[in-house]
Amino acid sequence: MILSYNDLELIQMCIDAINQYAPARSEIVVVDNASTEEGVIDYLKEASRTSRLNFTLVLNDENLGFPAGCNLGAKKCAPGNDIFFLNNDAIVTPLSLFWLRMGLYDNRNVGATSAFSNSASLQEIDALSFKPFVDDKKVFEAEGAWHKKLGAARAYKAFEDYASERVPVYINPYVKSFRLTGFALLLSREAIFAVAPDLQVFDEFFSPGYFEDDDLGIRLSSAGFQEYICKNSFIYHNGGGGFEGHADAMEKGREKFESKWEFDIWSYSLPWESACEEVIRLSKEKKGMLRVLDFSCGLGANASYIKSRTTNVFIAGVCANSFAAAVAGNIADETAFGDANTTRLPWDDHSFDAVIAEKAYVSRGQIGRFLSPDGISICEDKYPF
């Protein structure tokens, strides 16, 4: 399901790649949000006639914005299909859809998958990783996105070359998350029926756009669905265009999210990286499973980071409330909620090899209670307890 608005070159590349790489039984649904660029509508009409896949084209008389446009497209998709929401400035690579589907069918609890990209919030590959595949190295020296300086065709070629040289990851191939970036988002039909039985997949409260994907991620997580970023899937995203006439859309979207959920998701999206790296270091030293208690669990960002990098860590998380514990429970192995110092927690005393805690919120006594005799407390400054 592709939402189209202008960008003739990019929508051509987007649809050409889908025709080339999507499974034969796929369908394409394109909703055009009243494009004004010359040639876009004519191209879409021609593509609908010549596509090797079943192609449905909807031409809006007005720009409905991202959430409403996608919801209209979802209603046009064949009942029973999973839906892959793809930006018109995003281009799949040869095996990207295959690996997204492998992730979606990994187990029955997975509701959504997404890919790594050159431009995607919290799913972005470091720009210098693409340097060996770019002929003009100067694009990495000045400020600004490297791919914007190359142009879409050359940038996609470099991105595709990068993707083709990646060795597939078969052990620990997924990063669990509580939100996925909506530029390329594969949703299972079961998840859609659970959180959007009326096919209002994205909350139109967030129109014209931004944070509707974060909102969907929280709805999926609180409904018990896991969300995967697939390490083997790479999708190019030109990105950064924003919304015409809505330069403040991102900040307004953030405010709308906070007004709906009563918390700022940006405060929970990033892991405590230094603490996570210390856990990963300890896991490499220990024989067997490393047991970690995370008093800074939040919505599971630390657990996501750690578990994406190592397979021999058991993580229990303490969250502020039951809602956060339910969301983080899709990522961490066990969760509990309540005041870090006074709540009766369900784990045995001295049963953890490491404890992650901020000393401003967790007492030394509570940390010591759960640490094994030779355990490590990972605080603002790491010290043996």
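## Backbone quirks, a buried helix and some salt bridges

With a relative accessibility of 47%, His-350 counts as partly exposed. This is a predicted model, and His-350 is a good place to start looking at its backbone. The residue sits in the loop between strand S12 (334–337) and S13, and its phi is positive, about 55°, although it is not a glycine. Most residues other than glycine have a negative phi, and most peptide bonds are trans.

Leu-122 is another case of a positive phi in a residue other than glycine, with a value near 65°. You'll find Leu-122 in the loop between S6 and H5, and at 41% relative accessibility it counts as partly exposed.

Then there's the peptide bond from Ser-207 to Pro-208, which is cis, with omega near 5°. Pro-208 belongs to the loop between helix H7 (189–195) and H8.

That brings us to H8 itself. How many of the 11 residues of helix H8 are buried? The count is 10 of the 11 in residues 212–222, so the helix is largely enclosed by the rest of the structure. Among the buried ones are the acidic run Glu-212, Asp-213, Asp-214 and Asp-215, along with Arg-219. Just after H8, Gly-224 takes a positive phi of about 95°.

Now for the charged pairs. Searching the whole structure turns up 15 salt bridges. Here are three of them:

| Pair | Closest N to O distance |
|---|---|
| Arg-154 and Asp-135 | 2.9 Å |
| Arg-281 and Glu-285 | 2.5 Å |
| Lys-286 and Asp-353 | 3.8 Å |

The Lys-286 and Asp-353 pair links distant parts of the chain: Lys-286 is in the loop between H10 and strand S10 (290–294), while Asp-353 is in strand S13 (residues 352–356), 67 residues apart. Lys-286 is partly exposed, with a relative accessible area of 30%. Elsewhere, salt bridges with shared partners join Asp-203, Asp-215, Arg-219 and Lys-260 into one network. Two of these names came up above: Asp-215 and Arg-219 are among the buried residues of H8.

Arg-281 and Glu-285 make a local pair, as both lie in helix H10 (residues 273–285), four residues apart, about one turn of the helix. Arg-281 counts as partly exposed at 34% relative accessibility, whereas Glu-285 is exposed, with a relative accessible area of 55%.

Back to the bridge between Arg-154 and Asp-135. This pair also spans distant parts of the chain, with Arg-154 in helix H6 (residues 152–164) and Asp-135 in the loop between strand S6 (110–116) and helix H5 (146–150), 19 residues apart. Arg-154 is partly exposed at 40% relative accessible area, and Asp-135 is exposed at 64%.

Asn-33 is worth a click too. Is it buried or exposed? At 2% relative accessibility, Asn-33 counts as buried. Its place is in the loop between strand S2 (27–32) and helix H2 (40–50). The side chain of Asn-33 makes a polar contact of 3.1 Å with the side chain of Asn-60, and one of its polar atoms lies 3.1 Å from the backbone oxygen of Gly-65. Leaving out residues up to four places away in sequence, Asn-33 also touches others, including Leu-3, Ser-4, Tyr-5 and Leu-64.

Finally, the surface. Leu-95, Phe-98 and Met-102 make a nonpolar surface patch of about 290 Å². Leu-95 is found in the loop between strand S5 (90–92) and helix H4 (96–104).

Note on methods:
Residues numbered from 1 in each chain as written. Predicted model: local features only at pLDDT ≥ 70, side-chain atom pairs only at ≥ 80, totals over all residues. Heavy atoms only, no water. Buried < 20%, exposed > 50% of the residue type's maximum accessible area, 1.4 Å probe, protein only. Helix = DSSP H or I, 4+ residues; strand = E, 2+ residues; numbered from the N terminus. Patch = residues over 30% accessible without salt bridge, like charges linked within 9 Å, V, L, I, M, F, W, Y side chains within 5 Å. Areas by Shrake-Rupley, 256 points an atom, 1.4 Å probe, with all protein chains shown as cover. Salt bridge = Lys/Arg side-chain N within 4 Å of Asp/Glu carboxyl O. Polar contact = N/O pair within 3.5 Å; in protein donor to acceptor, adjacent residues only side chain to side chain. Contact = heavy atoms within 4.5 Å.
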